[in-house]
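Here is a short tour of a protein model for someone meeting it fresh. Have a look at the sequence and the fold, then read on.

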Amino acid sequence: MGAWLLEAARLLLVVQTAQATVTGVVRDNESGEPLASAVVVLTDIERTVISDAQGRYAFTAVPAGPHHVIVRRIGYSARSLHALVPTRGELQITTIA
């Protein structure tokens with residue numbers, strides 16, 4: 001019974017680990033216009049999203065701490081960013097391609 005209780009407590013701690021949302025907009029460097037279909041990657045947790053028609057993207061349930069972000073799109077140079085994700089809330093990153 002003790003081992004089961006210890007495992008249940010460990011699982012509860014994992015579930016309660018603080019996580020945040022990382023959102024942003026990918027924009028063209030020269031015009032400032034939003035870029036659709038840009039690939040945004042959080043390399044440390046191996047998650048990828050594609051920006052929508054307004055250049056917006058979002059990652060949910062991102063663990064707190066340092067993360068590497070790569071943004072790329074055909075016709076543009078890839079950008080690499082370093083971000084410190086907070087324990088709660090939202091981190092907004094607008095990047096220029």
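## Asp52 and its partner

Asp52 counts as partly exposed, because its relative accessibility is 28%, and the cut-offs put partly exposed between 20% and 50%. Its side chain meets the side chain of Arg56 in a salt bridge, at 3.0 Å from N to O. Arg56 has a relative accessibility of 44%, so this residue counts as partly exposed too.

How many salt bridges does the structure hold? The structure holds one, and Asp52 and Arg56 form a salt bridge.

## The chain as a whole

Keep in mind that this is a predicted model. The protein chain has one helix and eight strands. Starting at the N terminus, the order of elements is α-β-β-β-β-β-β-β-β, with the helix leading and the strands following.

There are 97 residues in the protein chain, and 31% of them are buried. Now take the contacts with a separation of 6 or more: 50% of these are between residues 24 or more positions apart.

## A sheet of four strands

Four of the strands make an open sheet in the order β3-β2-β5-β6, with antiparallel pairing. Its edge strands are β3 (47-50) and β6, each of which pairs on one side only. From one strand to the next, the twist averages 25 degrees. As a bit of background, strands of a sheet pair through backbone hydrogen bonds, either parallel or antiparallel.

Let's walk across the sheet. β2 and β3 run antiparallel and are joined by four bridges, and here Val41 stands opposite Thr48 in β3. β2 is also joined to β5 by four bridges, again antiparallel, and Val41 stands opposite Ile70 in β5. Between β5 and β6, which run antiparallel, there are seven bridges; His67 stands opposite Ala83 in β6.

## Two hairpins and a buried strand

The hairpin of β2 and β3 has four residues between the strands, and Glu46 takes a positive phi near 50 degrees there. In the hairpin of β5 and β6, six residues lie between the strands, and Gly75 takes a positive phi near 90 degrees.

Back in β2, which way do the side chains point? Val39 and Val41 point one way, while Val40 and Leu42 point the other way. Are these four buried or exposed? All of them are buried.

## The nonpolar core

The largest nonpolar core has 18 residues. Those with the most contacts inside it are Val22, Val26, Val40, Tyr57, Phe59, Val69 and Ile93. Several strands chip in: β1 (19-27), β2 (39-42), β4 (56-63), β5 (65-72) and β6 (79-85) each give two or more residues to this core.

Val26 is a good one to click on. Setting aside neighbours within four places in sequence, Val26 is in contact with Glu33, Pro34, Leu35, Ala38, Val40, Ser51, Gly55, Tyr57, Val71, Thr95 and Ala97.

## Phe59 and the aromatic pair

Phe59 has its place in strand β4. With a relative accessible area of 1%, Phe59 is buried. Not counting residues up to four places away in sequence, Phe59 touches Ala20, Thr21, Val22, Val40, Val41, Leu42, Arg47, Thr48 and Val49. The C-alpha atoms of Phe59 and Gly24 are separated by 9.4 Å, with their positions 35 residues apart along the chain.

How many aromatic pairs are there? The count comes to one. A pair of aromatic rings is described by the distance of the centres and the angle of the planes. The rings of Tyr57 and Phe59 have centres 6.2 Å apart and planes at 70 degrees, so this pair is edge-to-face. Both Tyr57 and Phe59 are buried.

## Gln19 on strand β1

Last stop: Gln19, found in strand β1. Its relative accessible area is 39%, so Gln19 is partly exposed. Beyond its neighbours within four places in sequence, Gln19 is in contact with Ala61, Val62, Pro63, Thr87 and Arg88.

How far apart in space are Gln19 and Glu90, C-alpha to C-alpha? They are 9.3 Å apart in space and 71 residues apart in sequence.

Technical notes: Residues are numbered from 1 along each chain as its sequence is written. This is a predicted model: local features need pLDDT of at least 70, side-chain atom pairs count only at pLDDT 80 or more; totals for chains, interfaces and linings use all residues. Side-chain values use heavy atoms; hydrogens and water are left out. A nonpolar core is a set of buried Ala, Val, Leu, Ile, Met, Phe, Trp, Tyr and Cys residues joined through side-chain atoms within 4.5 Å. Buried means under 20% relative accessible area, exposed over 50%, partly exposed in between (1.4 Å probe, protein chains only). Contact means heavy atoms within 4.5 Å. Rings of Phe, Tyr and Trp (its six-membered ring) pair if their centres lie within 6.5 Å; planes under 30 degrees apart count as stacked, over 60 as edge-to-face and the rest as tilted. Two strands pair if DSSP finds at least two bridges between them. Axes are lines fitted to C-alpha atoms, for helices over the stretch in contact, and angles run from 0 to 180 degrees between N-to-C directions. A salt bridge is a side-chain nitrogen of Lys or Arg within 4 Å of a carboxyl oxygen of Asp or Glu.
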